[in-house]
Amino acid sequence: MPRSPSSPAFWRSPLRGPWFTSVLGVVLLVGITVLFVTGLLSYAAYNPDLSPVNDQTPDKGLLGFYLFAWPTDPSWLYRLTQGTHVTLGIALIPVLLAKLWSVVPKLFALPPARSLAHALERLSLLLLVGGGLFEFTTGVLNVQLDYVFPGSFYPLHFYGAWVFFAAFLAHAVLKTPAALRNLRHLRHEPPYEEGELVSPNPAEPTVSRRGALGVVGGGSLLLFGTTVGRGFDGPLRETALLVPHGGPEPGSGPGAFQINKTAAAVGIDARETSEDAWRLVVEGNGRTVRLGRAALLQLPLHNAALPIACVEGWSTSDQWWRGVRLRDLAALVGYETDTAPDVLVESLQRHGAFRRSALRDNQVRDPRSLLALFVNGADLTPDHGYPARVIVPAAPGVLNTKWVARMTFGDL
Ligand SMILES: Nc1nc2c(c(=O)[nH]1)N[C@H]1C(S)=C(S)[C@@H](COP(=O)(O)O)O[C@H]1N2
Ligand SMILES: [Mo]
């Protein structure tokens, strides 16, 4: 048996062949396209062009060409797009690994380049494989380990996505026609097909090609089934075994829904949130208004049923929020409802990520966008942002700033 992996006979699995690779390739063609689109949507949903507050991606330049005002309808929009991004990304891992396994002999093929065109193709494969592994790894680390790259996950995952997708697109254009032909015309079981990837010296099969695909698909289903629950509350969330439930257990009572960072974790002290100490500062138009919680309660209060949906892919179902409309706060410093501008929201929190965020005028004007004082019929709990937190329909969780201390209205 040849020792060198550069010899085709070294690779003996009878599973390898154009049919097996083509099935996996077509699944990834659809799946990765959905990942790319939902990923770009997630980036747009951050309002990264309200610089420099939300944007953590320096010099995005041309790559930000497509940014648009993220809508506030339907209120579950980000819950859906980001839940899809994360759940699908996790479920595709077995498919990606099987696809790489199925073509691994090519990695060792000699000579490394037969022609300039061949050299370029191999270079693009380097970006494709490297980019794919990089995107899946950074994505999993982010949802699994709670920000191993503080602040720098966004630029890494964002630039990586463009490199990966450019190589992916080139690869798809070159290979999809053949893959579709293979699926239509090739036999998938022995006697073995011919062509690239087929071992000239196959070992005895221990599983059929269909059986092997079944194992890959079963792995994907298992990951899907143990991930998808994080988009729901109650017992369904308990089925999300493989991913952290996104923070500490929320306990029971009106505040019993997912918590990202607790008050203690970010150093919010009960003394600074007490009735006596806490004041909300509202600024804009050169005016400044200060209100304690009692004064806020004198303003018209409204209800909105809205979810929280985190970039990590977890979300809650609708919670009942009650508080002051953001546009009514803009009115305090002299803005009419239909001319209310963007707002910069700052938290009491002094350190760490997410202590401030910018909202766009369409979000400020939506009547469901609140500075919430209550949730599910009770005062906000300390961990959900007492004395006041922002809640905006369809916005990523990170824009729903907790423990709000200051709001500055004006075009950003
Ligand atoms: N001040 C402050 N606000 C914050 C955060 C934070 O760490 N600090 N986390 C944000 C993120 S990433 C999410 S997903 C939501 C979670 O809100 P919850 O903990 O009430 O579910 O709060 C957002 N608001
Ligand atoms: Mo989040």
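**Contacts of ligand 1**

Q: Why is the approach of Lys402 to an oxygen atom of ligand 1 called a polar contact?
A: An N or O atom in the side chain of Lys402 is 2.5 Å from that oxygen atom. A polar contact is a pair of N or O atoms within 3.5 Å (within protein, one must be able to donate a hydrogen and the other to accept it, and residues adjacent in sequence count only if both atoms are side-chain atoms), so this pair qualifies. The model is predicted: local features need pLDDT of at least 70 and side-chain atom pairs pLDDT 80 or more, while totals for chains, interfaces and linings use all residues; side-chain values use heavy atoms, without hydrogens and water. Residues are numbered from 1 along each chain as its sequence is written, chains are lettered from A and ligands numbered from 1 in the order written.

Q: What distance separates a backbone N or O atom of Asn260 from an oxygen atom of ligand 1?
A: The distance is 2.8 Å. A polar side-chain atom of Arg389 lies 2.9 Å from an oxygen atom of ligand 1.

Q: How many residues surround ligand 1?
A: There are 18, and the closest include Gln258 and His384. A residue counts if one of its heavy atoms lies within 4 Å.

Q: Which domains does the assignment give?
A: The assignment, automatic or from a database, gives domain 1 (8-231) and domain 2 (270-409).
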